[in-house]
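Q: Please take a close look at one part of this model, a pair of packed helices, and describe how the two are arranged and what lies between them. A connected account would suit me better than a list.

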Amino acid sequence: MTIPGYTGKVLRVDLTAGKVSVEPINWDWAEKFIGGRGLAARYAWAEIKPKADPLGPDNVLMIWTGPVQGTMVPLNGRYLFAAKSPTAGGFVDSYVGGHFAPELKWAGFDGVIIKGKSAKPVYLFIKDGNAEIRDASKIWGKRVDETQKAIREELADDKVRVAAIGPAGEGLCKMACIGSDLYRQAGRSGIGTVMGSKNLKAVAVRGKLGLKVPHMDKLVEICKESLKSDGIDNADNAAMITDGTPILIDMSNDAGILPTRNFQAGTFEGYKGVNTETLKSTVLVRRRACFGCVLACASFTRVREGRFKGTAVEGPEYETLALCGPNCGVGDLNAIIKFNLECDMLGLDTMSTGDTVAFAMELYERGILKKDDANGLDLKWGNIDAYIQMPEIIARRKGKLGQLLGDGVTAAAKKLGGDAYKYAVAVKNVELPAYDPRGTMTMSLAYATSERGADHNRSWPAAVEAYGTVNPWTTEGKAAMVVEDHRRTAAKWSIMFCDFLSIGYPSIAKLYNAVTAKNVDEAHLRHVGERVWNLIRAFNVREGLDVKDDVQPYRIANDELPDGKTKGHKVPQNEFEAMRAEYYKLQNWDARGRPTKEALHAVELDDIAKDLDYLKK
Amino acid sequence: MRLKSDEKKCVGCLLCTVACSAKHLKTFNPEYSDCAVEDRFPEPGEYHVHHCTQCDEHPCTGSCPEEAFFEDKKLGIWRIDWAKCNGCGNCIEVCPYEGCWLSPKEKSLKCDLCDGNPECIQVCPKGVYELVKE
């Protein structure tokens, strides 16, 4: 069996033995789980030993694409890294755009499975159906931009696409991400930390093989039509074309959900200094697109004046603007750009880093963290001099402050003891995204039930609550929305479309069919989504995660917001718990949030059920 | 006819390159595209779009030892007959506009305007390319 759109090959890498091999993709799984998220979850189940040390050789770092990557299907410039998370403790898959994904397909591979641990720093070079493990001792220690440059020079090819960790990943900082094409990050949940634990500095890829399907002309015609109807002419994409994610700053401030001073408020007095209008009028150089994207939502920016003059970055995106801006009391866009660049090149997740700096600033302002423990820095809200040093301090765990913060806010709060936990805004050790649930209560359920810790992509009720017309302050009947999102994103990300392609099941099915020459319908894709989501949940349950981990941060449940539309609001714990119970019920999971035998059987995961101890009784 | 491009509008999606290779060689592969996009980031922070401009001088045609170039009188342009091209690279060397290059199969790639309806124009989301009649 083969399916059009796939290369049919998987690269297997054993870093302990220093060997690479090529094997056929498991076609049964490609049929059942499609690709991307689904295949990552299925391979993770098979390849990662239960209770494996996430930073030990038994963890497996994977790269996956889907059937649409490398074609002309709109917004297909996406791939993922997956592993067992060293922060959240369960399955993590982390998505990233740019131009690496098509290059991997054109180099002949659908996915890469990396096991073991190298004795010395190495990087992986994949080219046209083969790969080699190369010495990285001279590259180890370098920033992400220096790494890409060094690898391209060594390979004498400036078209090589590079995904690399920076000093943060090397030092096993739990906020480490993987930087792809310099400015695109596979972030969250310590995916870069896993790469660092394997002494793997980078994955470089060059592909000249291209990709064909038997029905090229037909596929091209459908793609050309879709690039227009699903892409450019689709009104739901309009803001992504004109502004990209920074458009959300104004919307969030208006809705009272813009994280401000470590989630102490939902509006920021200086929000106009960091909004899309300021970005466009002061620093925007040009828009950039990932491969195959007609939207081009990314902003390439350069600071034109002041102390950060000349600093250039692709970004900042909304999450970075909000969490590294207002959430740290910072309203200076130029400083955020500098902070963004430092995080990118050190290999730090901007979201977790922004939240962690905000946490430290609040502790400092409250007198819990003294200047002596803060490397002598005056960590007042919005103090740019201190703020701008934080990425280096965190990434390299410099001084007492770096030692305290390098593993994120939850770990830091544990070290500090006392009331510090009240200011640690995270779920499953992963810091919160920039949508305060106190103005979109269903977000709290979305954050709690995300398998990789607080995450806004798997389900994003803010779209209809904070920014739409659905009442944001009731939890009744809301769990169904999150269930629907979790299954839909699981299906969409298994085929591997970008989130920002605003299309429903009919278009998703149309494009999946166009590439694979299948004829599936919406019901089929819904079923696959449900299957993939249950499999991911089963993985987490196997690792010991359950209802005790599906929680909301103390602050969200207990502290009322002080101003704006969210004034006086919190997410009462009893309402949250009722919503969570309803969510489990709708999933047909037990009261502890574990998939039942029936739930797994309904999506043809009986083989998975057999491996779960709690179902054997 | 000629193909013109305004690279200031380019966002680097590379759709033009895969549409081109799909049209001519039935593969998604920028290596077999008659247009190329080079990204130069962070400095100077620009895209550079390369393709044959169907220039009046066309030094490529005279440089070819195999006489692989032939005139498409309908469009008023010069095209390459791959059956004759030996991949010597002379045309690439003499082109003042970096408008042609070698494919991995050692054949020179040069825009043929897709019989007057270029694929790159059809798929480019930002209107980078334009067909001009001059």
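A: What follows describes one helix pair and then turns to a few single residues elsewhere.

The model is predicted, and the values given here are computed from it. Two packed helices are described by the angle between their axes and the distance between the axes. In chain A, helix α19 (residues 479–495) and helix α20 (residues 505–516) have axes 11 Å apart and pack at an angle of about 20 degrees. Since angles under 35 degrees count as roughly parallel, α19(A) and α20(A) are therefore roughly parallel to each other, and their crossing is left-handed. On the side of α19(A), the contact is formed by Glu484(A), Arg487(A), Arg488(A), Ala491(A), Lys492(A) and Ile495(A), while α20(A) contributes Tyr505(A), Ile508(A) and Tyr512(A). By class, the residues of this contact are five nonpolar and four charged, with no polar ones.

Taken by itself, α19(A) has 17 residues, which at 1.5 Å a residue should span 24 Å, and the 25 Å between its end C-alpha atoms agrees with that expectation. The helix is mostly covered, as 13 of its 17 residues are buried. Met496(A) follows α19(A) and has a positive phi, near 85 degrees.

Positive phi values also occur elsewhere in chain A, and the background is that most residues other than glycine have a negative phi. Ser189(A), in the loop between β11 (184–186) and α6 (191–197) of chain A, has a phi near 60 degrees, and at 3% relative accessibility it counts as buried. Phe263(A), which is not a glycine either, has a positive phi of about 65 degrees; Phe263(A) lies in the loop between α9 (248–255) and α10 (276–282) of chain A and, at 0% relative accessibility, counts as buried.

Two further residues of chain A are set within helices. Asn534(A) is found in helix α21 (residues 522–542) and is buried, with a relative accessible area of 1%; leaving aside residues up to four places away in sequence, Asn534(A) touches Trp589(A), Pro595(A), Ala599(A), Leu600(A), Val603(A) and Leu605(A). Arg42(A) lies in helix α2 (residues 36–47) and counts as buried at 9% relative accessibility; with the same sequence neighbours left out, Arg42(A) touches Trp29(A), Phe33(A), Leu535(A), Asp607(A) and Ile608(A).

Conventions
Residues numbered from 1 in each chain as written. Chains lettered and ligands numbered in written order. Predicted model: local features only at pLDDT ≥ 70, side-chain atom pairs only at ≥ 80, totals over all residues. Heavy atoms only, no water. Axes fitted to C-alpha atoms, helices over the stretch in contact; angles between N-to-C directions. Helix = DSSP H or I, 4+ residues; strand = E, 2+ residues; numbered from the N terminus. Parallel < 35°, antiparallel > 145°, perpendicular 65-115°, else oblique. Left-handed = near helix turned anticlockwise from the far one by under 90°. Contact = heavy atoms within 4.5 Å. Nonpolar A, V, L, I, M, F, W, Y, C, P; charged D, E, K, R; others polar. Buried < 20%, exposed > 50% of the residue type's maximum accessible area, 1.4 Å probe, protein only. Expected span 1.5 Å × (residues − 1).
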